[in-house]
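Trainee: Before we talk about labels, could you put the structure up, and then explain how each term is earned?

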Amino acid sequence: MTDTGIASRLHQVMARIRAAAERAGRPPAQVALIAVSKKQPAEAIRAAYAAGQRAFGESYLREALDKIEQLRDLDIEWHFIGRVQSNKTRQIAANFAWVHGVSDPAHAHRLSEQRPAGAPPLNVCLQINLSGEDSKGGVEPSAASELLRTCNALPGLRVRGFMTLPAPADDEAAQRAPFAALRHLRDRLATPGHPLPCLSMGMSDDLEAAILEGATHVRIGTAVFGPRPYN
Ligand SMILES: *Cc1c(COP(=O)(O)O)cnc(C)c1O
């Protein structure tokens, strides 16, 4: 993908976000775009950055650390969107501003303890499994309140809300169902002290459905960067 190709795709995605927010009667500024740059080279991130993008999502730690190192000169907000594993928490806590997808209390404890002194608390979204698929990760909705209580008590974390990664569905009504369920869960578990403002949901193929159901963070890879170059 050329630099101008990335810039124009990025603008198309921003137009889709604006249109969906308008349909939902929501201010477009309520929806943050996280450009998912996994498996994309550092130069692709530079091109999106030059076009104004600041938040990037990465799934694979080793690859992410390489790119973070190569892009130190840029003011990027890094979001870890991959599967958290115990042996990776230290590097995640040290190098990312956000983690989308905390679902294990032991990982939450490690991330909190390992957040470097002096850094602001790590922003986290708790991952909820709403499609009943083991492979997608996340806790069952019935376990969300206990995980939330654990995470809210950890000084190195700041729980911002919930994230979900539903199985793909092709019509908008089917896409909306798990997103609506995540919003309802959030509405039920939010308290004045812990308001859970963020819903991290929606990818290239279902961002409209997610925004209609209240997404505040959409995680978009393919629609911004084109197909991932290798798998
Ligand atoms: C890869 C990935 C995305 C982006 O997917 P696209 O379909 O390329 O937009 C979003 N969220 C997570 C957790 C991912 O792993």
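Mentor: By class, the shell around the ligand in this predicted model holds six nonpolar, four polar and three charged residues. The ligand is surrounded by 13 residues, with K38, S204, G221, T222 and R228 being the closest.

Trainee: What makes the pair formed by K38 and an oxygen atom of the ligand a polar contact?

Mentor: A polar side-chain atom of K38 lies 2.7 Å from an oxygen atom of the ligand, and the cut-off for N or O atoms is 3.5 Å, so the pair counts as a polar contact. By that cut-off, a polar backbone atom of G221, 2.8 Å from an oxygen atom of the ligand, also qualifies, as does a polar side-chain atom of R228, which lies 2.8 Å from an oxygen atom of the ligand. The protein covers 89% of the 390 Å² of accessible area that the ligand has on its own, and the ligand sits in the largest pocket.

Trainee: How many aromatic pairs does a search of the whole structure find, and why is the pair of F56 and W78 called tilted?

Mentor: The search finds two aromatic pairs. The ring centres of F56 and W78 are 6.2 Å apart and their planes stand at 45 degrees; stacked requires under 30 degrees and edge-to-face over 60, so this pair is tilted.

Trainee: What makes this pair a link between distant parts of the chain?

Mentor: F56 belongs to strand β2 (residues 55–58) and W78 to strand β3 (residues 77–80), and the two residues are 22 residues apart.

Key: Residues numbered from 1 in each chain as written. Predicted model: local features only at pLDDT ≥ 70, side-chain atom pairs only at ≥ 80, totals over all residues. Heavy atoms only, no water. Near = heavy atom within 4 Å. Polar contact = N/O pair within 3.5 Å; in protein donor to acceptor, adjacent residues only side chain to side chain. Areas by Shrake-Rupley, 256 points an atom, 1.4 Å probe, with all protein chains shown as cover. 1 Å grid on protein atoms, 1.4 Å probe; cavity = no way out; pocket = protein on both sides within 12 Å on 5 of 7 lines; lining within 4 Å. Sits in = over half its atoms within 2 Å of the grid points. Nonpolar A, V, L, I, M, F, W, Y, C, P; charged D, E, K, R; others polar. Phe/Tyr/Trp six-rings, centres within 6.5 Å; stacked < 30°, edge-to-face > 60°. Helix = DSSP H or I, 4+ residues; strand = E, 2+ residues; numbered from the N terminus.
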